Amino acid sequence: LHIVGKDITRFHSIIWPAILESAGLPLPERVWGHGFVLLGGERFSKSAGVRLDLNEAIDRFGADAFRYFLLREVPFDADGSFSWERFEDRYNSDLANAWGNLASRVISMVERYCDGIVPAGARTDVDTRDAAELVEYHEVMDGTRGFLLHEALRIIWQSVARGNEYVDRQAPWKLAKDPATRAELETTLASLVRQLARQAVLVAPFMPEKAQALWTQLGATRPLANQRFHTLATLDATGWQVQKGEPLFPKEKPAA
């Protein structure tokens with residue numbers, strides 16, 4: 001698979017394969033022409049002054065957050081636009097308030113109510129629905145309909161939203177007050193840790209540093225790089241020792 005910008009598909013679909021053929025080298029089986037990243041709706045142009053300082057963009061919230069924004073906000077089969085306002089909105093809503101907050105809440109509750117040890121717990125609807133979406137996650141990236149990375153991230157963030165809704169619905173802080181609901185508390189927290197672990201694996205191709213940071217905080221007993229997609233449905237976090245670290249996505253904007 002050759003991934004190119006849509007404006008050079010002719011070169012990479014005709015001329016470049018001819019060069020490879022003449023050199024006796026293997027040809028691409030497919031060429032995927034992706035769209036443009038625009039700045040405020042305009043094409044990048046040095047002469048027109050339409051430019052973006054990449055170092056500034058990366059320094060704003062880190063390389064992983066910038067990578068997430070581009071892969072989530074810019075459709076891989078169409079053009080998309082970058083703006084500082086939209087970048088900050090995505091960072092705060094998707095990363096800090098949604099995923100980062102879910103991780104922080106769950107890890108804190110495991111520390112508070114289970115002495116930091118992930119309890120055993122039966123699988124719940126959270127596990128079932130995540131498993132169904134794992135299939136969709138692969139379908140949007142396997143080339144059948146293209147390589148729609150933004151769709152894969154959308155699917156992951158459906159899981160993130162479901163995790164936050166599950167926390168609010170189950171209210172573990174209330175379950176912890178009554179010894180009679182101890183089993184339900186442990187099932188809830190076990191389910192949430194499993195979900196976070198699955199999310200770390202699914203996010204790793206997009207945000208490797210943040211995925212590893214979460215994996216470490218969850219106390220996983222195997223390296224993240226050794227975890228395989230096909231085993232996610234049976235992933236068991238029982239006995240992992242969580243350890244809350246620095247926030248995955250600090251809300252405070254770094255000083256310039």
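**Exercise 1. What percentage of the contacts in the protein with a separation of 6 or more do residues 24 or more positions apart account for?**

Solution. Begin with the basis of the work: this is a predicted model, in which local features need pLDDT of at least 70 and side-chain atom pairs count only at pLDDT 80 or more, while totals for chains, interfaces and linings use all residues. Residues are numbered from 1 along each chain as its sequence is written, and side-chain values use heavy atoms, with hydrogens and water left out. Next, take contact to mean heavy atoms within 4.5 Å. With that definition, residues 24 or more positions apart account for 73% of the contacts that have a separation of 6 or more.

**Exercise 2. Describe the order of helices and strands in the protein.**

Solution. First list the elements, which are DSSP runs numbered from the N terminus, helices being H or I with at least four residues and strands E with at least two. The protein has nine helices and four strands. Then read from the N terminus on, where the order is β-α-β-β-α-α-β-α-α-α-α-α-α.

**Exercise 3. Find the largest nonpolar core and the helix that gives the most to it.**

Solution. A nonpolar core is a set of buried Ala, Val, Leu, Ile, Met, Phe, Trp, Tyr and Cys residues joined through side-chain atoms within 4.5 Å, where buried means under 20% relative accessible area, exposed over 50% and partly exposed in between (1.4 Å probe, protein chains only). The largest such core has 67 residues, and W99, W157, M207 and L214 have the most contacts inside it. Several helices each supply at least two of its residues, among them α2 (54-61), α5 (125-139) and α8 (182-203); α4 gives the most, with 14 residues. As a last step, look at M207, which touches D64, R67, Y68, L95, W99, W157 and F249, when residues up to four places away in sequence are not counted.

**Exercise 4. Is L39 buried or exposed, and which residues does L39 touch?**

Solution. Locate L39 in strand β3, residues 37-39. Because its relative accessibility is 18%, L39 counts as buried. Not counting residues up to four places away in sequence, L39 touches F44, V50, R51, L52, S81 and F82.

**Exercise 5. Place V242 in the chain and name its contacts.**

Solution. V242 lies in the segment after α9 and is buried, with a relative accessible area of 5%. Leaving aside neighbours within four places in sequence, V242 is in contact with I107, V110, E111, G116, V118, Q217, L218 and G219.
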